[in-house]
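Let's take a friendly walk through a protein model together. Have the sequence and the 3D view open as you read.

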Amino acid sequence: MSDSQAARAVLCRELNRPVLVETVTVDPPRRGEVMVKIAACGVCHSDLSATNGTIGMKLPLILGHEAAGAVVQVGEGVEDLAPGDHVVSSFIYMCGTCRYCAMGRPVLCVNQGKALITLPDGTLRTRDARGEAVNIFSGCGVMAEYATLSVQNVVKIERSIPLECAALVGCAVTTGVGAVFNTARVVPGSSVAVIGCGGVGLNVIQGAAIAGAGRIVAVDTLVSKLEMATQFGATHTLIAQRGEDLTKPLKQLTGGGPDYAFECVGSGELAALAYRAIGRGGTAVVVGIAKPADSTAVRTMTLPFEEKTLTGSLYGSCVPRIDFPRLLALYMAGRLKLDELITHRYSIDEAPQAFADLEAGTNARGVIKF
Ligand SMILES: [Zn+2]
Ligand SMILES: [Zn+2]
């Protein structure tokens, strides 16, 4: 069976306009590709960033990069996936052969650019009603009923795992928990500050809790986010007024500065706060994606005298085929909260509302169910 498939999809055609729901045609998989019937797709801040130009992706664009579903068709040469298999999307393309892939750091793959808005071969399997090709977010475009993806952008999972929970591992959970486990390697008993408690920040918090951090300070401008932060393991909360310098309260709450601080907003100013706040020998990790022109500054002298580290974490420094199953095993063992992350389920017709709610910060995670 290799048929084109009509699918309703969430598109951005114009910046700073509400997203659109259109019927597109999804073409069958070619060599090394699979078609997936999507069951659920999380609505991520990066999708919003593509609709307002913070992340520059050529339009028209099918949104979505955090989904799970079932394989319905497989292309030539696909041997480890069959129709009926459950998969989670991964929004990094990994060539498997460059030096970064070879050293086990596929998020740094030099060939990633090949699958930014197309499949890795530079072509698309998606057409709109007029027959024009439609780009796909990060080689995924999974905010749609069906999507054809490279096998390098999917990870097989156990069928017993609820797909709406599994979807979240495709971005927010891996980005947040991975930053704790893989990038910072937080050790038990340490102190952690988390700046920004959206979908990713909440997962940094629960990652820090699983890692055994002794003190976890959550920072946000919204009280509702701080209440969620507490549910996910924060031991202390700090409400931030925009522009206020929280270095002192952060140092006071952690006995001289946290061992680790995670910036989950994407702001040079907050990256500088994370760096200032950490104690001697501490590590500040920038997880949020800032605008391209944004920059940050640190007092140079503190680098040698205090041996501080300022680093970044992309996609939780993950290896999808290793980390997705590990995270889902933690979920199945009752240690990773995924059900609790989903605070609202939307139909595809409600996609514009899902984006409005994301912007307003009312959800831990909103999920579109198909
Ligand atoms: Zn995302
Ligand atoms: Zn590579």
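The report below covers the metal sites, then strands, then helices.

This is a predicted model, in which local features need pLDDT of at least 70 and side-chain atom pairs count only at pLDDT 80 or more, while totals for chains, interfaces and linings use all residues. Residues are numbered from 1 along each chain as its sequence is written, chains are lettered from A and ligands numbered from 1 in the order in which they are written, and side-chain values use heavy atoms, with hydrogens and water left out.

**The zinc sites**

Start with the metals. Donors here are N, O and S atoms within 2.8 Å of the metal (3.2 Å for Na, K and Ca), and sites may look incomplete because water is not among the atoms. The table sets out the two sites.

| Zinc ion | Protein donors | Distance | Spacing along the chain |
|---|---|---|---|
| ligand 1 | Cys44 (SG), His65 (NE2), Cys171 (SG) | 2.0 to 2.2 Å | C-x20-H-x105-C |
| ligand 2 | Cys95 (SG), Cys98 (SG), Cys101 (SG), Cys109 (SG) | 2.3 to 2.4 Å | C-x2-C-x2-C-x7-C |

In the site of ligand 1, Cys44 lies in the loop between strand 3 (33-43) and helix 1 (45-52), and Cys171 in the loop between helix 3 (163-168) and helix 4, so this pair ties together parts that are 127 residues apart in sequence. Helices (H or I, at least four residues) and strands (E, at least two) are DSSP runs, numbered from the N terminus. Cys44 counts as buried at 4% relative accessibility, and Cys171 counts as buried at 4% too. Buried means under 20% relative accessible area, with exposed over 50% and partly exposed in between (1.4 Å probe, protein chains only).

What arrangement do the 4 donor atoms around the zinc ion (ligand 2) make? It is tetrahedral, because the donors subtend angles of 104 to 116°; four donors count as tetrahedral if all angles lie between 85 and 135 degrees. For comparison, the ideal angle for four tetrahedral donors is 109.5 degrees. Cys101 and Cys109 are both buried.

**Strands side by side**

Two strands pair if DSSP finds at least two bridges between them. An open sheet of 5 strands has the order 7-2-1-4-8, with mixed pairing. Strand 7 (126-127) and strand 8 (135-136) are its edges, each pairing on one side only. Strand 8 runs parallel to strand 4 (residues 61-62), over 2 bridges, and Leu61 has Asn135 as its bridge partner.

Elsewhere, strand 11 (residues 191-195) and strand 12 run parallel and are joined by 5 bridges. Ser191 has Arg215 as its bridge partner, and Val192 stands opposite Ile216. Ser191, Ala193 and Ile195 point one way from strand 11, and Val192 and Val194 point the other way. In strand 11, 5 of the 5 residues are buried, so the rest of the structure largely encloses it. Strand 12 (residues 215-220) is also largely enclosed, because 5 of its 6 residues are buried.

**Helices that cross**

Axes are lines fitted to C-alpha atoms, for helices over the stretch in contact, and angles run from 0 to 180 degrees between N-to-C directions. Helix 4 (residues 172-184) and helix 10 (residues 320-332) have axes that come within 11 Å and cross at roughly 95°. These two helices are therefore roughly perpendicular, a term for angles of 65 to 115 degrees. Val177 and Phe181 are among the helix 4 residues that meet helix 10, where the partners include Phe324 and Leu327; contact means heavy atoms within 4.5 Å.

Helix 1 packs against helix 11 (residues 351-360) at an angle of about 100°, with axes 10 Å apart. That makes helix 1 roughly perpendicular to helix 11. His45, Asp47, Leu48 and Thr51 of helix 1 meet Phe355, Leu358 and Glu359 of helix 11.

Note on methods
Four donors count as tetrahedral if all angles lie between 85 and 135 degrees; four count as square planar and six as octahedral if opposite donors are over 155 degrees apart and all others between 65 and 115; anything else is irregular. Angles under 35 degrees count as roughly parallel, over 145 as roughly antiparallel, 65 to 115 as roughly perpendicular and the rest as oblique.
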